Amino acid sequence: MITTHKTETVNFGTKGQVVIPRRLRREFEIEEGTKATVVSTPEGILLKPITRTYIRSLRGSLKGTKAMETFMAERKR
C-alpha cells in the first residue's frame, strides 16, 4: 500500500453518506461491503477500513496474553 497526501474533495449525501474516490478505494483495498471504523480526532473524522489485509495483520497479536482463557471464563459466567 502506497499512501499519498493528495487532497480530494467529496460531498455528503442527505443520510451522511460519502463516496470515497476510486483511487483511494483501490489504494486501501476497499471493496463493496468493506466495513470501517470511524474515529473522532482533533483534526477531524478518521475512517479506517477493515480489510482482509488488516485482519491478517492481527493474527497472533494476542499470543501470550491469555485472551482466550479470559474469553472462555467470561463466556462460562
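1. Start with the register of the strands: Ala36 faces Pro49 in E2. Further along, Ser40 has Ile45 of E2 as its bridge partner. Strand E1 covers residues 35-41 and strand E2 covers residues 44-50, and the two run antiparallel with 7 bridges between them. With 2 residues separating them, E1 and E2 make a hairpin. If you go through side chains here, keep in mind that in a regular strand they alternate between the two faces of the sheet.

2. This is a predicted model, so a word on confidence. The protein chain averages a pLDDT of 87, with 95% of its residues at 70 or more. Which elements have the lowest and the highest confidence? Helix H2 (residues 52-58) is the lowest, with a mean of 82, while E1 is the highest, at 94. So one of the hairpin strands from point 1 is also where confidence is highest. As a general caution, where pLDDT is low the predicted coordinates should not be read in detail.

3. On the overall layout, the protein chain has 3 helices and 2 strands. Taken in sequence order, they give the pattern α-β-β-α-α. Helix H1 spans 22-27, and helix H3 spans 67-76. The strands of the hairpin are E1, at 35-41, and E2, at 44-50.

4. I'd look at the overall dimensions next. For 77 residues, a compact globule would have a radius of gyration near 11 Å, yet the protein chain comes out at 17 Å. Along the principal axes, the C-alpha atoms occupy a box of roughly 50 × 30 × 30 Å. Please keep both values in view when describing the fold.

5. How much of the protein chain is buried? Buried residues account for 4% of the 77. The accessible surface is about 7700 Å², and carbon and sulfur atoms contribute 55% of that. As for contacts between residues at least 6 apart in sequence, 16% of them connect residues at least 24 apart.

6. The salt bridges deserve a closer look, and the count is 3. Glu8, Arg23 and Glu27 are joined in a network. In one part of this network, Glu8 bridges to Arg23, with 2.9 Å between the closest N and O atoms. That pair ties together distant parts of the chain: Glu8 belongs to the segment before helix H1, Arg23 sits in H1, and 15 residues separate them. Glu8 has a relative accessibility of 31%, so it counts as partly exposed. Arg23 is partly exposed too, because its relative accessible area is 31%.

7. The other part of the network is the salt bridge between Glu27 and Arg23, at 3.4 Å from N to O. Here both residues are in helix H1, 4 residues apart, or about one turn of the helix. Is Glu27 buried or exposed? Its relative accessibility is 14%, so Glu27 counts as buried; the cut-off for that class is under 20%.

8. Outside that network, Arg77 makes a salt bridge with Glu74, and the closest N and O atoms are 2.7 Å apart. Arg77 is exposed, because its relative accessibility reaches 77%. Glu74, at 46%, is partly exposed; exposed would need over 50%.

9. Two backbone angles are worth checking by eye. Where does Glu29 sit? Glu29 is in the loop between H1 and E1. Its phi is near 55°, which is positive although the residue is not glycine. With a relative accessibility of 42%, Glu29 counts as partly exposed.

10. The other angle belongs to Lys66, in the loop between H2 and helix H3. Phi of Lys66 is near 60°, again a positive value in a residue other than glycine. Lys66 counts as exposed because its relative accessibility is 59%.

Notes:
Residues numbered from 1 in each chain as written. Predicted model: local features only at pLDDT ≥ 70, side-chain atom pairs only at ≥ 80, totals over all residues. Heavy atoms only, no water. Salt bridge = Lys/Arg side-chain N within 4 Å of Asp/Glu carboxyl O. Buried < 20%, exposed > 50% of the residue type's maximum accessible area, 1.4 Å probe, protein only. Pairing = 2+ DSSP bridges. Rg over C-alpha atoms; globule rule 2.2 N^0.38 Å. Contact = heavy atoms within 4.5 Å. Areas by Shrake-Rupley, 256 points an atom, 1.4 Å probe, with all protein chains shown as cover. pLDDT = per-residue confidence, 0-100.
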